[in-house]
Structure formats: structure tokens, C-alpha cells
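This note is offered to a colleague who is meeting the structure for the first time. Please read the numbered points with the sequence and the model side by side.

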Amino acid sequence: AIGGCCYEVGLDVASRFEELQPGALASSTLDLAAINRRLLLDAGVLAIDQASLCSKCLAHEFHSYRRDGGVARRMVSAIQIKPCKKRGLVRPRFYM
């Protein structure tokens with residue numbers, strides 16, 4: 001996905017995310033991966049692997065339907081549920 005370095009939004013959108021990303025209003029950018037990570041941690045997910053790659057900065061590596069003028073291609077993400085060694089609990093693992 002587009003990274004926080006490049007995802008510019010209007011003040012109307014930034015104001016909705018100020019609580020999740022302090023400073024969003026001042027910068028008018030959003031870091032969706034960081035926001036999702038915070039939400040997952042708040043929900044109790046302990047294991048999160050994140051690639052930290054920006055689809056705009058790395059245009060030669062990733063496609064974008066909007067950036068590429070409506071050319072549809074595919075990307076994939078994954079969620080893996082692994083058993084927890086303590087108490088045999090199942091805990092989701094997210095890859096972003």
C-alpha cells in the first residue's frame with residue numbers, strides 16, 4: 001500500500017484520524033500501516049510482521065490501479081493463525 005511518506009489527504013480526512021495518528025492535521029498525510037498496526041495491537045494482536053514498503057516510492061515493484069490509469073493487476077496480503085505455545089491458544093498473526 002502507499003506509505004505514510006506519500007499518502008496525502010485533505011484536512012477533512014486528516015481530522016478523522018488525528019486521534020489514531022497525532023499530527024495528521026499538521027502534516028496532511030496518513031500512515032495507514034501504522035494506524036492499522038496500532039488498531040491491531042489495541043485489539044490484542046501481539047505478532048505483526050510489516051514489510052514497510054511504499055507502492056508509490058517503489059512504483060517499479062508495485063502496481064496501483066489509480067496511479068497506472070485503470071490497469072488492473074493484483075497484489076496479495078496474508079493473515080496466518082498459529083497456535084500459541086502457552087496454553088494451546090490460537091493467536092492471529094498479521095502480515096502487512
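1. A residue is called buried here when its relative accessible area is under 20%, exposed when that area is over 50%, and partly exposed in between. The model is predicted. By this criterion, buried residues make up 20% of the 96 residues in the chain.

2. The overall layout may be taken next. The chain contains three helices and three strands, and their order along the sequence is α-α-α-β-β-β. Among the contacts in the chain with a separation of 6 or more, 35% are accounted for by residues 24 or more positions apart. The exposed surface of the chain amounts to about 7,200 Å², of which carbon and sulfur atoms supply 55%.

3. Tyr-7 is found in the segment before helix H1 (11-17). Is Tyr-7 buried, partly exposed or exposed? With a relative accessible area of 27%, Tyr-7 lies between the cut-offs of 20% and 50% and is therefore partly exposed. Not counting residues up to four places away in sequence, Tyr-7 touches Ile-2, Ser-28, Thr-29, Leu-30 and Leu-32. The C-alpha atoms of Tyr-7 and Asp-31 are 7.1 Å apart in space, while the two residues are 24 apart in sequence.

4. Ser-28, one of the residues that Tyr-7 touches, is placed in the loop between helix H2 (24-27) and helix H3 (32-42). Its backbone deserves a check by eye: Ser-28 has a positive phi of about 60°, although it is not a glycine.

5. Cys-54 lies in the loop between E1 and E2. Its relative accessible area is 6%, which is under the 20% cut-off, so Cys-54 counts as buried. Leaving aside neighbours within four places in sequence, Cys-54 is in contact with Ala-1, Ile-2, Gly-3, Cys-5, Cys-6 and Phe-62. A separation of 9.4 Å is found between the C-alpha atoms of Cys-54 and Tyr-7, which are 47 residues apart along the chain. Ile-2 appears in the contacts of Cys-54 and also in those of Tyr-7.

6. Ser-52 is likewise found in the loop between E1 and E2. Which side of the cut-offs does Ser-52 fall on, buried or exposed? Ser-52 is exposed, because its relative accessible area of 61% is over 50%. Phi of Ser-52 is near 55°, a positive value in a residue other than glycine.

7. His-63 also lies in the loop between strand E1 (47-49) and strand E2 (78-83). Its relative accessible area of 15% is under 20%, and His-63 is therefore buried. What does the side chain of His-63 reach at 3.0 Å? The partner is the backbone oxygen of Arg-73. Beyond its neighbours within four places in sequence, His-63 is in contact with Asp-68, Arg-73, Arg-74 and Met-75.

8. The second largest pocket holds about 370 Å³ of space. Of the 15 residues that line this pocket, Ile-2, Ser-55, Ser-64, Tyr-65 and Arg-66 are the closest to its centre. By class, the lining has eight nonpolar, three polar and four charged residues. Ile-2 thus links this point to earlier ones: it is among the residues closest to the pocket centre, and it is one of the contacts of Cys-54.

Methods. Residues numbered from 1 in each chain as written. Predicted model: local features only at pLDDT ≥ 70, side-chain atom pairs only at ≥ 80, totals over all residues. Heavy atoms only, no water. 1 Å grid on protein atoms, 1.4 Å probe; cavity = no way out; pocket = protein on both sides within 12 Å on 5 of 7 lines; lining within 4 Å. Points joined across faces, edges and corners; volume = space filled by probe spheres on them. Nonpolar A, V, L, I, M, F, W, Y, C, P; charged D, E, K, R; others polar. Helix = DSSP H or I, 4+ residues; strand = E, 2+ residues; numbered from the N terminus. Buried < 20%, exposed > 50% of the residue type's maximum accessible area, 1.4 Å probe, protein only. Contact = heavy atoms within 4.5 Å. Areas by Shrake-Rupley, 256 points an atom, 1.4 Å probe, with all protein chains shown as cover. Polar contact = N/O pair within 3.5 Å; in protein donor to acceptor, adjacent residues only side chain to side chain.
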